[in-house]
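I opened my notebook to look up a few things, from backbone oddities to empty space. Here are my entries, in the order I made them.

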Amino acid sequence: MVKAIVGANWGDEGKGKITDMLAKEADIIVRFQGGANAGHTIVNDYGKFALHTLPSGVFYGHTTSIIGNGVALDIPVLIEEIQSITDRGVPAPKVLVSDRAQIVMPYHVLFDQYEEERLGGKSFGSTKSGIAPFYSDKFAKIGFQVSELFYDDILKEKVKRVCELKNVLLEHLYHKPLLDPDALLATLQEYRELVAPYVCDVSLYLDKALKDGKNILLEGQLGTLKDPDHGIYPMVTSSSTLAAYGAVGAGIPPYEIGKIITVCKAYSSAVGAGAFVSEIFGEEAEELRRRGGDGGEYGAKTGRPRRVGWFDCVASKYGLRLQGTTDVAFTVLDVLGYLDEIPVCVGYEADGEVTSDFPVTGKLSHAKPVLKILPGWKEDIRGIREYEKLPENCRKYVEFIEGQIGYPITMVSNGPGREDIIYRSVL
Ligand code: GDP
């Protein structure tokens with residue numbers, strides 16, 4: 001059985017916590033897209049960790065953690081991340097890296113920075129981890145696959161060819177130091193030594209695992225609204241954030257994905273630029289940001305304050321639909337316990353119309369939220385393990401949202417820890 005764990009919104013929905021929790025029953029956890037540009041925060045018996053590359057199931061001794069072919073693999077970051085968790089007492093994880101994954105090159109990180117500098121105020125709010133230049137090169141067919149590291153002649157010729165191209169941009173567009181092909185080749189040879197112990201034919205491995213009846217989790221990064229096709233283009237990420245892409249980015253048949261658990265936070269948050277209709281500002285926002293998540297809504301990767309807002313039924317219903325949701329995991333509900341009243345965005349008003357269907361970016365930019373005010377529950381709900389024990393207004397909040405989004409909320413998360421979960425029906 002394969003389950004995908006993906007995000008409905010702009011990311012930071014709490015996928016890491018849900019993956020870490022479900023990994024208890026899993027054999028294999030696969031990252032299938034994205035790179036070290038976002039982070040999952042996980043709190044468990046070993047402490048609090050921000051993972052950027054490793055799958056969130058890495059803390060269990062019984063699981064295999066896989067970097068799929070769809071990932072933007074930053075080799076030094078991966079190696080440092082493995083080191084940083086083992087340094088804190090976590091047993092050495094079993095990690096496999098797809099031989100077809102492509103490598104984030106040092107110049108991808110530079111180009112990301114240079115381009116953001118060049119764009120100035122019009123930048124995309126990139127985390128400058130090289131992700132957009134990486135995926136551009138992958139599809140322009142000048143990327144480097146892990147497997148290529150093991151063929152010196154191919155590597156040497158390609159490094160020379162790519163440096164020629166990149167140096168034109170460095171010289172004439174960015175006015176920055178040029179790349180030295182010999183130095184780059186030496187770096188790639190170092191990468192080869194670092195990654196060699198982990199390299200695997202991942203799709204073959206997963207095929208066998210499926211035949212053996214193993215439980216596999218696919219862990220997505222970011223959320224639907226950051227998908228390059230279905231998100232708020234161009235303020236999106238550079239690889240598909242959808243469960244459907246899990247099949248491609250892991251190398252498994254699409255029909256093997258039997259459950260799609262879409263994580264949706266009880267209020268909204270977003271990092272980076274782009275339309276965010278239910279965003280709030282000022283003191284009201286500052287309070288939610290301070291109380292939000294586990295220790296405030298600040299980016300796991302960048303430490304940047306996240307933009308926050310009320311729950312957005314329009315964006316979430318759309319996000320859940322594009323994921324093909326079978327189950328909604330509704331997270332961070334405990335945070336809202338301080339509010340007397342809780343506004344929820346139930347529609348968008350744009351061009352003189354109200355709609356509950358998420359529009360294209362052009363229309364989105366001038367949409368205004370239509371809010372419905374629900375009563376708060378004014379109680380700390382952490383520690384509650386049964387749905388019926390939640391305060392009545394809290395259940396009403398969950399059920400109102402469930403009615404609006406049209407997908408079953410089968411899990412409610414009321415704290416950052418593994419055990420902070422309320423099941424509403426058996427998965
Ligand atoms: P991800 O990228 O989707 O994994 O999300 P992040 O890890 O960036 O952000 C989620 C934040 O919320 C993390 O700090 C989690 O520890 C925290 N978190 C997850 N679920 C809950 C919850 O139910 N309650 C609270 N208070 N925090 C949570």
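**Entry 1: Lys141**

Is Lys141 buried or exposed? I looked it up in this predicted model. Lys141 has a relative accessible area of 69%, and the cut-off for exposed is over 50%, so I put Lys141 down as exposed. I then checked where Lys141 sits, and found it in the loop between α4 and α5. The backbone caught my eye too: phi of Lys141 is near 65°, a positive value, and this residue is not a glycine.

**Entry 2: Asp351**

I noted another positive phi, about 50°, at Asp351, again not a glycine. Which loop holds Asp351? My note says the loop between β16 (341-350) and β17 (353-355). Asp351 comes out at 54% relative accessibility, so it counts as exposed.

**Entry 3: a cis peptide bond**

What kind of peptide bond joins Tyr233 and Pro234? I found a cis bond there, with omega about 5°. Pro234 belongs to the loop between β10 (216-219) and α8 (243-250).

**Entry 4: a nonpolar patch**

Back to the stretch between α4 and α5, this time for Tyr151, which has its place in that loop. For orientation, I wrote down α4 as 131-139 and α5 as 152-174. Is Tyr151 buried, partly exposed or exposed? Its relative accessible area is 48%. Since partly exposed covers the range between 20% and 50%, I filed Tyr151 as partly exposed. Tyr151 also joins Phe150 and Ile154 in a nonpolar patch on the surface. Together the three have about 290 Å² of accessible area.

**Entry 5: the largest pocket**

Next I turned to empty space. Rolling a probe the size of a water molecule over the atoms shows where such space is left. The largest pocket holds about 910 Å³. How many residues line the largest pocket? I have 43 in my notes, and those nearest its centre are Phe124, Ser126, Ala132, Val236 and Ser238. Helices α3 (106-119), α4 and α5 each give at least two residues to this lining. The largest share, six residues, comes from α3. By class, I wrote down 19 nonpolar, 13 polar and 11 charged residues for the pocket lining.

**Entry 6: the largest cavity**

How many cavities of 30 Å³ or more does a search of the whole structure find? The search gives one. About 50 Å³ of space lies in the largest cavity. I copied out part of its lining: among the residues are Asn9, Trp10, Gly11, Glu13, Lys265 and Tyr267. Phe311, Asp312 and Ser316 are also included. Strands β12 (268-270) and β14 (311-312) each supply at least two residues of the cavity lining. My tally by class for this lining is three nonpolar, five polar and three charged.

**Entry 7: Met1 and Glu256**

For my last entry I went to the start of the chain. Met1 lies in the segment before β1 (2-7). At 43% relative accessibility, Met1 counts as partly exposed. How far apart in space are Met1 and Glu256? I noted 6.8 Å from C-alpha to C-alpha, with their positions 255 residues apart in sequence.

Note on methods. Residues are numbered from 1 along each chain as its sequence is written. This is a predicted model: local features need pLDDT of at least 70, side-chain atom pairs count only at pLDDT 80 or more; totals for chains, interfaces and linings use all residues. Side-chain values use heavy atoms; hydrogens and water are left out. On a 1 Å grid over the protein atoms alone, a cavity is a set of points where a 1.4 Å probe fits but cannot get out, and a pocket is an open set with protein on both sides within 12 Å along at least five of seven lines; lining residues have an atom within 4 Å of a point. Grid points are joined across faces, edges and corners, and a volume is the space filled by probe spheres set on the points. Helices (H or I, at least four residues) and strands (E, at least two) are DSSP runs, numbered from the N terminus. Ala, Val, Leu, Ile, Met, Phe, Trp, Tyr, Cys and Pro count as nonpolar, Asp, Glu, Lys and Arg as charged, and the others, Gly among them, as polar. Patches are made of residues with over 30% relative accessible area and no salt bridge: like charges are joined within 9 Å, nonpolar side chains (Val, Leu, Ile, Met, Phe, Trp, Tyr) within 5 Å. Accessible areas come from the Shrake-Rupley method with a 1.4 Å probe; for residues, only the protein chains shown count as cover. A salt bridge is a side-chain nitrogen of Lys or Arg within 4 Å of a carboxyl oxygen of Asp or Glu. Buried means under 20% relative accessible area, exposed over 50%, partly exposed in between (1.4 Å probe, protein chains only).
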